[in-house]
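Here are a few notes to help you find your way around this entry. Have a look at the model first, then read the points in order.

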Amino acid sequence: MELGGVTRSTRYLSAISAARGLHKSALDVVERPAPEETVTSSFGRFIQSVQPRHLSPTVLQRSKRMVLDSIGVGLLGSTTDVFELALQHCQHMYAPDDVSFVYGRQGVKLSPTLAAFVNGVAAHSMDFDDTWHPATHPSGAVLPALLAISDMFHNNSKPSGLDFLTAFNVGIEIQGWLMRFSNEAHNIPKRFHPPSVVGTMGSAAACARLLSLDRNQCSNALAIAASLAGAPMANAATQSKPLHIGNASRLGLEAALLASRGLEASPLVLDAVPGVAGFSAFYEDYAPNPIASLEEHEHSFLIETQDIAFKRFPAHLGMHWIADAATVVHKTLVGLKGGSVSPNLVQEILLRVPLSKYINRPFPETEHQARHSFQFNACTALLDGEVTVQSFHTEALQRPELLALLSRVRVEHPHDNPANFNIMYGEVEVTLVSGDVLRGRCDTFYGHWRNPLSQESLQKKFRSNAGAVLSNERVERLIEAVEGLDHLDDCKPLLAQLQ
Amino acid sequence: MILDTLGVGLLGTSTPVFNTVLQCSQRQQALENSKVWGRPGLSLPPHYAAFVNGVAVHSMDFDDTWHPATHPSGAVLPALLALAETLPVKPSGLELLLAFSVGIEVQGRLLRFSKEAHNIPKRFHPPAVVGIMGSAAATAKLLGLPAAQSIAALAIACSSAGAPMANAATQTKPLHMGNAARGGLEASQLALLGLEGNTQILDLESGFGAFYPDYVPYPLAEVTPTSHYSWVLEDQNIAQKRFPAHLGMHWVADAAIEARAKFLDKYPNADLSQIKKITLRVPSSKYVDCPLPLSEHQARHSFQFNCCTALLDGEVIVDSFSKSQMNRSALKEMLWKVRLENPQDNHSSFEKMYCEIAVETTQGETFTARCNTFYGHWRKPLSHEDLVRKFRANASTVLTADVVEGIIYTVDRLDTNQDCSMLWSYMHFNKHVMHRDERRYSALA
């Protein structure tokens with residue numbers, strides 16, 4: 001009978017549904033050949049089952065560079081106002097669970113989640129941390145949480161350097177995978193700040209891994225983290241932006257801790273379920289894919305084929321193109337006129353940059369705005385031949401010569417210059433009072449993934465940053481520890497220099 | 001709203017999810033401490049107290065619901081009480097009520113900036129979006145922050161707003177409320193310390209507008225000492241639930257109860273297994289369409305489950321979601337018989353939806369009923385007696401009768417009370433636990 005037939009197939013589907021406790025809308029998802037293979041569960045499985053031996057030499061090398069750079073910018077960042085504020089807040093509200101170290105504050109300890117928070121804030125406080133493609137700042141969300149957890153382990157059972165690196169790479173990898181589920185994610189963001197979206201998930205994944213959670217707990221950690229993800233772009237270029245990374249780190253760790261205590265959340269959070277948004281809530285176009293099982297496929301980490309950018313000065317990535325372009329003009333000018341560059345020589349400055357509202361600021365008033373201003377960075381490079389940490393100090397912001405140049409800037413957005421860190425360029429055209437026109441163009445700045453910093457340059461940046469708060473001895477020991485991280489039996493040598 | 005929220009919060013302290021978050025939060029110690037509801041002797045840093053108490057309030061989906069859709073009180077009250085406890089000069093009842101109202105008002109205003117917000121949500125869970133903003137506003141008010149810092153609090157809170165709907169109907173959903181309460185409080189604390197955010201956070205598409213596809217904000221009317229301020233709550237009342245399940249379930253339950261009454265009226269000794277087929281005409285809303293719920297969280301978000309429970313028992317109550325009740329074979333069998341229909345004219349909006357039920361017997365007879373407005377909806381609010389009855393039933397699971405009455409009395413007179421600190425002291429008792437101080441108290445009494 002027809003009715004019976006319908007009932008039978010309904011019963012079959014309902015039985016699957018009953019076995020999985022799914023909502024009706026998800027039944028379509030279930031009808032794929034392998035019922036176990038949801039995107040979400042494939043992620044949980046990956047996090048739990050990936051081993052150190054899966055890390056190729058390239059991955060090891062690149063990730064160690066990321067760890068070094070991240071520690072350095074964190075240490076430097078511990079000298080900022082916003083960091084001090086966040087630290088006071090945590091110390092005032094929460095007496096130390098005295099376990100985890102704080103960047104640049106010898107002897108100060110906080111509970112692991114709060115240490116992750118403040119250290120994350122430090123990492124992003126000056127927009128000096130690494131940037132990837134698709135766009136996010138991956139390391140700052142992951143490393144503080146992992147370091148905080150490492151402090152939690154008893155002295156005799158600290159993770160090995162390789163375990164630490166594996167967890168770190170899991171955190172980076174997950175972020176890369178998630179961003180590839182959306183075309184929109186490939187462009188400079190407009191709506192949600194990526195570290196707050198994928199960074200939280202990466203932190204949850206990395207922490208779940210370091211805490212050795214089982215695969216269900218790993219999936220739950222991701223799902224719990226999804227409910228803690230997402231901060232709007234409007235707070236970029238304000239003092240609150242660094243908190244996006246701090247929160248990503250802290251909340252990912254919290255999610256992993258909650259999952260380890262048995263908290264459960266949606267088993268389909270990463271899958272595309274029509275009518276009920278999961279992680280898809282953060283994107284207009286979301287098309288996820290499962291991570292293939294490590295038993296069946298050789299896993300290739302994304303960092304292997306898509307390297308990372310390290311910044312040479314603390315400002316939004318887009319600024320690096322325009323600074324390099326302006327530096328070319330600066331050199332030409334100095335060559336022509338000798339001595340320093342005077343605004344009196346300049347009639348007009350034209351910038352050709354991609355269209356992106358939050359980095360188009362003619363007259364920035366704060367250091368945060370200055371780090372997100374094409375105009376400011378171009379003029380600074382034009383004046384000084386470089387942009388440095390000091391370029392964003394209050395006195396530098398208010399220089400009359402700089403203001404004079406700023407008032408002569410015009411911005412254009414050519415069609416062939418899309419808001420995409422993989423494709424964009426920066427062009428500076430300076431018309432002198434004499435009528436001469438000087439041009440500079442940068443397609444790939446030094447530090448971009450296509451033209452990565454040499455190991456020497458990276459270490460120089462680290463020494464300069466870390467040296468702001470640590471003794472030379474400690475700085476060198478840190479470099480050594482990170483360099484040999486994959487050979488360390490336990491990561492105490494690394495942690496010891498940061499305490 | 002305050003009374004109802006306290007009651008559901010106390011009841012919620014008995015749930016597993018509450019225990020999980022409590023354990024997790026206990027790692028922290030602090031200089032200032034705020035009381036955990038229903039846990040005598042246990043205090044946590046204010047943020048964590050707000051967090052766990054907020055989780056308690058939403059743990060069973062028993063808390064109030066508004067239009068446009070959100071659960072407003074649970075995000076605000078736990079944060080306010082946690083904060084009030086730490087202030088060197090305790091606020092008066094009126095100050096507490098004012099801060100509470102500000103927290104509710106801000107949520108109502110923000111929800112009105114988007115048409116999409118008027119429908120049952122699909123993308124972001126509203127308490128995580130507007131709830132945290134309400135908490136920030138309310139705590140900023142209680143702290144007496146100047147306008148600029150209140151704006152900073154809102155901006156900071158905005159960066160912690162938003163949780164996707166997929167975690168509804170799971171054990172994590174209550175954390176949306178806890179995080180809203182905690183995040184708003186933290187935002188105010190950070191603003192007080194001088195942290196700044198985007199001063200135009202509510203104006204920008206890239207600000208609060210990030211959470212809506214159709215965001216059209218407008219400024220609030222000015223408040224002057226002499227003029228009358230028109231609160232959203234005055235025009236738009238709130239719904240308070242009679243049983244702990246998603247609001248949509250209440251239409252279904254009322255309709256099912258009516259159909260059942262008609263059935264039993266005609267056949268007083270009828271055996272409900274005589275029901276052959278049940279058709280529910282409800283709005284289309286995927287996350288509450290769950291034919292065979294496995295967990296209590298799913299059951300609270302299942303048209304089918306609530307329909308069958310109401311048909312079998314003539315009511316849906318707190319205990320309906322217990323394991324034993326959920327595992328009844330009669331219930332499970334009946335679940336197979338339910339079919340959902342989504343008529344075009346049944347809008348996914350708590351303001352407009354209805355539920356129609358058609359129960360077909362093996363004899364071929366059909367009993368129908370329709371519910372447009374369930375009892376407890378803002379169009380048909382619970383009477384004061386029934387609201388207090390709900391509170392007593394909830395609070396008594398955790399508190400002794402005299403403490404229960406004490407809270408009722410205090411909330412009733414909140415606006416005339418100079419010192420409302422009794423409120424969080426009362427919440428700190430538990431009749432199953434004899435705390436040292438309590439023993440002393442009862443000895444004196």
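1. A good place to start is overall size. This is a predicted model, and its chain A has 499 residues, for which a compact globule would have a radius of gyration near 23 Å; the value for chain A is 24 Å, which agrees. The C-alpha trace of chain A spans about 90 × 60 × 45 Å along its principal axes.

2. Next, the make-up of the fold. You will find 20 helices and six strands in chain A. Of the contacts in chain A with a separation of 6 or more, 77% are between residues 24 or more positions apart.

3. Now the inside and the surface. Buried residues account for 64% of the 499 in chain A. The chain exposes about 17,700 Å², and carbon and sulfur atoms supply 50% of that area.

4. On charge, chain A carries 41 positive and 50 negative side chains. The centres of these two sets lie 2 Å apart.

5. Aromatic rings deserve a closer look: there are 29 aromatic pairs over all chains. One of them joins A:Trp321 and A:Phe445 edge-to-face, at 4.8 Å centre to centre and with 85° between the planes. A:Trp321 sits in helix H13 of chain A, while A:Phe445 is in the loop between strand E6 and helix H18, 124 residues apart. A:Trp321 is buried, with a relative accessible area of 0%, and A:Phe445 is buried, also at 0%.

6. For chain B, try B:Phe305 and B:Phe321, a tilted pair at 5.6 Å centre to centre with 35° between the planes. B:Phe305 lies in helix H12 and B:Phe321 in the loop between H12 and helix H13 of chain B, so the pair ties together parts that are 16 residues apart in sequence. Both B:Phe305 and B:Phe321 are buried.

Methods: Residues are numbered from 1 along each chain as its sequence is written. Chains are lettered from A and ligands numbered from 1 in the order in which they are written. This is a predicted model: local features need pLDDT of at least 70, side-chain atom pairs count only at pLDDT 80 or more; totals for chains, interfaces and linings use all residues. Side-chain values use heavy atoms; hydrogens and water are left out. Helices (H or I, at least four residues) and strands (E, at least two) are DSSP runs, numbered from the N terminus. The radius of gyration is taken over C-alpha atoms; the globule rule is 2.2 Å times the number of residues to the power 0.38. Buried means under 20% relative accessible area, exposed over 50%, partly exposed in between (1.4 Å probe, protein chains only). Contact means heavy atoms within 4.5 Å. Accessible areas come from the Shrake-Rupley method with a 1.4 Å probe; for residues, only the protein chains shown count as cover. Lys and Arg count as positive and Asp and Glu as negative; His and the chain ends are not counted. The place of a charge is taken as NZ of Lys, CZ of Arg, CG of Asp or CD of Glu. Rings of Phe, Tyr and Trp (its six-membered ring) pair if their centres lie within 6.5 Å; planes under 30 degrees apart count as stacked, over 60 as edge-to-face and the rest as tilted.
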